[in-house]
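Could you walk me through this model in my viewer, one selection at a time? I would like to see the pockets, cores and ring pairs.

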Amino acid sequence: MNATDTAATLTPGSPVAVRLVKHPRPDVRYPAVALHDDGNHAVVRAPWAGAASRDFGFVRFETGDLFTEHYWRDRWYSVKEVRAADGTLKGWYCDVARPAVVDAPGSLVVEDLDLDLWLSADHSTVLRLDEDEFLASGLDTRDPVAAGHARRALDELEDLARHDAFGPLLSFT
């Protein structure tokens, strides 16, 4: 994947196959619809991709939930706005990942780096997640440069969350 390749873009309204590379675990694949792509910031909307509801303790993802997912080709994270089936905002789930790649028309690929962040809808809860999984992944040894990007990305996401700065980051026209 080449994060600087911006030749391929998503067409708003078209179907998108999202693939989250979860090395060494199996990839997660799910269908979405493109909402926006300016060559750097790509936005797709997808229903909850899990087979069943999943309770994380701080939020429950359920059938009918809608995710508006923001990916960048120059940032080491994605931000997913999560809404219940009735439109109620649940919060934002953020994945630390290598910059997104549109590797073919209608195909978005992101390599997950195991670090995550949750921001509740009322902004009262900011949680850094899966730092133990990140340490166990061995990325520090395999790719120390990427590990450094991942840590800085998690710090940036936490700073944005704590300063109510997701709004400007997620805006698109």
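Start by selecting β10 (107-120), the element that gives the most to the lining of the largest pocket, with three residues. Keep in mind as you go that this is a predicted model.

Now add the other contributors: β2 (28-37), β6 (66-72) and β8 (89-97), like β10, each supply at least two residues of the pocket lining. The space inside the largest pocket comes to about 570 Å³. To find its middle, show K22, W48, R54, F56 and Y93 as sticks; of the 23 lining residues, these are the closest to the pocket centre. Colour the lining by class and you will get 11 nonpolar, one polar and 11 charged residues.

**Next stop: the ring cluster**

Keep W48, F56 and Y93 on screen and add F58, F61, F67 and W118: ring pairs link these seven names into a cluster. The structure holds 12 aromatic pairs. Zoom in on F58 and W118, where the ring centres are 5.6 Å apart and the planes are at 45°, so the pair counts as tilted. This pair links distant parts of the chain, 60 residues apart: F58 is in the loop between β4 (54-55) and β5 (60-61), and W118 is in strand β10. Which of the two is buried, and which is partly exposed? W118 is buried, at a relative accessible area of 1%, whereas F58 is partly exposed at 26%.

For another geometry, select W72 and Y77. Their ring centres are 5.6 Å apart, and their planes are at 65°; edge-to-face needs over 60 degrees, so this pair qualifies. W72 is buried with a relative accessible area of 3%, and Y77 is buried as well, with 2%.

**Next stop: the nonpolar cores**

Y77 leads straight into the largest nonpolar core, as one of the residues with the most contacts inside it. Select Y77 together with V79, V96, L117, L157, F166 and L169 to see the residues with the most contacts within this core of 25 residues. In soluble globular proteins, nonpolar side chains tend to be buried together. Then show β7 (77-83), β8, β10, α3 (144-162) and α4 (166-170), each of which supplies at least two residues of the core. Helix α3 brings the largest share, eight residues.

Centre the view on F166 and show its contacts. Leaving aside residues up to four places away in sequence, F166 touches V79, W92, C94, L117, L119, L157, L160 and A161. There is also a second, separate core of 17 residues; to locate this one, select A8, L10, V16 and V44, which are among its members.

**Last stop: the enclosed space**

How many cavities of 30 Å³ or more does a search of the whole structure find? The search finds one, and the space in this largest cavity is about 80 Å³. Select V21, K22, H23, E111, D112, L113, D114, S137, L139 and R142 to display its lining. K22 will be familiar, as one of the residues closest to the centre of the largest pocket. Two elements give two or more residues to the cavity lining, β10 and α2 (139-142). The largest share, four residues, comes from β10. Colour this lining by class too, and you will get three nonpolar, two polar and five charged residues.

Definitions and conventions. Residues numbered from 1 in each chain as written. Predicted model: local features only at pLDDT ≥ 70, side-chain atom pairs only at ≥ 80, totals over all residues. Heavy atoms only, no water. 1 Å grid on protein atoms, 1.4 Å probe; cavity = no way out; pocket = protein on both sides within 12 Å on 5 of 7 lines; lining within 4 Å. Points joined across faces, edges and corners; volume = space filled by probe spheres on them. Nonpolar A, V, L, I, M, F, W, Y, C, P; charged D, E, K, R; others polar. Core = buried A, V, L, I, M, F, W, Y, C linked by side-chain atoms within 4.5 Å. Buried < 20%, exposed > 50% of the residue type's maximum accessible area, 1.4 Å probe, protein only. Contact = heavy atoms within 4.5 Å. Phe/Tyr/Trp six-rings, centres within 6.5 Å; stacked < 30°, edge-to-face > 60°.
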